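Please open the model in your viewer and keep the sequence panel beside it. We will walk through it one selection at a time.

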Amino acid sequence: MTKKQAIKLFEEKKVRTVWDDEKEQWYFSIIDVCAVLTDSPNPRNYWKVLKHRLLKEGNETVTNCNQLKLRADDGKMRLTDVADTEQLFRLIQSIPSPKAEPFKQWMAQVASQRIDQMQDPEKSIDQAIVDYKRLGYTDAWINQRIKSIEVRKELTDEWQRTGVHEGLEYASLTDIITREWSGFTTKQYKHFKGLKKENLRDNMTNLEIALNILAEASTTELSKQRNPKGYMQQTKVAKEGGSVAKAARNQLESKLGRSVISEVKASDYLLPNNEEEEK
């Protein structure tokens, strides 16, 4: 079962969500929904009291609610009560709020957008472009980033075909590729840029993204040609793919007279724009 977390905004308030690929449905953080609908200073306690009352009433929706690990404000993954769309529609009926109907419409829209994107992948790309533009990224950077997503997907499809297991093995192979061309593991690279939970690729410069694309695309093509079996054989391919980008990086740096590995991150040039928009 593959689950992908996302933050959705309703009236500028965050609602943590998880998309379940197997069941093809969203799960919403109930505490976040309570915060949106009630404006309670303590939505966690509001849900605790409401949950207790509904359980005493024998409410089946509450009984069937799941718990999933979602990222809390402190950055840690914590078990949180979640509900799918149908369950949440029923729970909202127990929360007196003038925002109930608009929130239901918003939920339906979220679900509809995801289904549309699954049926037409171009819509996912279109949405990503809109999101990056809203954050202030340049068109040139966005084009590179979208291409990097396509290249990454082709690589992970190839890893899956050759018997590599998603999760730790994917992460380890990614580290090998990244370390080979950049000199850093993914964790070290993020530390170099001063990142914590942020996505590394969203904080790469155009040149860094271009080299990463070259490394991953080269790894994919080498794998297709050599047809390795499993993780261990793929480690050698990953190193060789990364070395292609390393050679390109070395040649470019010899012409530029400087390193193309940059400490610059997105917040260095995007946050000032966002702060101006909020004023």
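Start by selecting Phe10, Phe28, Phe103 and Trp106, which together form one aromatic cluster. Keep in mind as you look that this is a predicted model.

**Stop 1: inside the cluster**

Now narrow the selection to phenylalanine 10 and phenylalanine 103. The whole structure holds 11 aromatic pairs, and these two phenylalanines make an edge-to-face one, with 5.1 Å between centres and 80 degrees between the planes. Colour by secondary structure and you will see that phenylalanine 10 belongs to strand E1 (residues 3-10), while phenylalanine 103 belongs to helix H5 (residues 100-119). The pair links distant parts of the chain, its two members being 93 residues apart.

Are these two rings buried or exposed? Phenylalanine 10 counts as buried because its relative accessible area is 5%, under the 20% cut-off. Phenylalanine 103 is buried too, at 0% relative accessibility.

For a contrast, select phenylalanine 184 and phenylalanine 192. Their aromatic pair is tilted, at 5.0 Å centre to centre and 35 degrees between the planes. Phenylalanine 184 is partly exposed, with 21% relative accessible area, and phenylalanine 192 is partly exposed at 28%.

**Stop 2: a strand pair**

Next, select strand E2 (residues 13-20) and strand E3 (residues 25-29). The two run antiparallel and pair over 4 bridges. To find one of the bridges, show valine 18, whose partner in E3 is tyrosine 27. E2 is mostly covered, with 6 of its 8 residues buried.

**Stop 3: the largest nonpolar core**

Which residues have the most contacts inside the largest nonpolar core? Select Tyr137, Trp159, Ile177 and Trp181: these are the ones, in a core of 29 residues. Then show the helices that give two or more residues to this core: H6 (121-135), H7 (139-161), H8 (168-182), H10 (206-226) and H11 (230-256). Among them, H7 gives the most, with 6 residues.

Zoom in on isoleucine 177 and display its surroundings. Leaving aside residues up to four places away in sequence, isoleucine 177 touches Leu155, Trp159, Ala215, Glu216, Thr219, Ala238 and Gly242. A second, separate core has 26 residues, including Trp26, Val33, Ala83 and Val110.

**Stop 4: along helix H7**

Come back to H7 and view this helix from the side. H7 has 23 residues and reaches 33 Å from first C-alpha to last, close to the 33 Å expected at 1.5 Å a residue. Show its buried side chains and you will find nonpolar residues such as Trp141, Ile142 and Leu155 among them, but also Arg145, Ser148, Arg152, Thr156 and Glu158. Trp159, which you met in the core, is on the buried list of H7 as well. Step just past the end of H7 to glycine 163, which takes a positive phi of about 90 degrees.

**Last stop: the whole view**

Finally, zoom out and show the full cartoon. How many helices and strands does the protein have? There are 12 helices and 5 strands. Of the 279 residues, 42% count as buried. Switch on the surface: the protein exposes about 16,400 Å², and carbon and sulfur atoms supply 50% of that area. Of the contacts with a separation of 6 or more, 55% involve residues 24 or more positions apart. The phenylalanine 10 and phenylalanine 103 pair, where the tour began, links parts of the chain 93 residues apart.

Key: Residues are numbered from 1 along each chain as its sequence is written. This is a predicted model: local features need pLDDT of at least 70, side-chain atom pairs count only at pLDDT 80 or more; totals for chains, interfaces and linings use all residues. Side-chain values use heavy atoms; hydrogens and water are left out. A nonpolar core is a set of buried Ala, Val, Leu, Ile, Met, Phe, Trp, Tyr and Cys residues joined through side-chain atoms within 4.5 Å. Buried means under 20% relative accessible area, exposed over 50%, partly exposed in between (1.4 Å probe, protein chains only). Contact means heavy atoms within 4.5 Å. Rings of Phe, Tyr and Trp (its six-membered ring) pair if their centres lie within 6.5 Å; planes under 30 degrees apart count as stacked, over 60 as edge-to-face and the rest as tilted. Two strands pair if DSSP finds at least two bridges between them. The expected span of a helix is 1.5 Å times one less than its number of residues. Accessible areas come from the Shrake-Rupley method with a 1.4 Å probe; for residues, only the protein chains shown count as cover.
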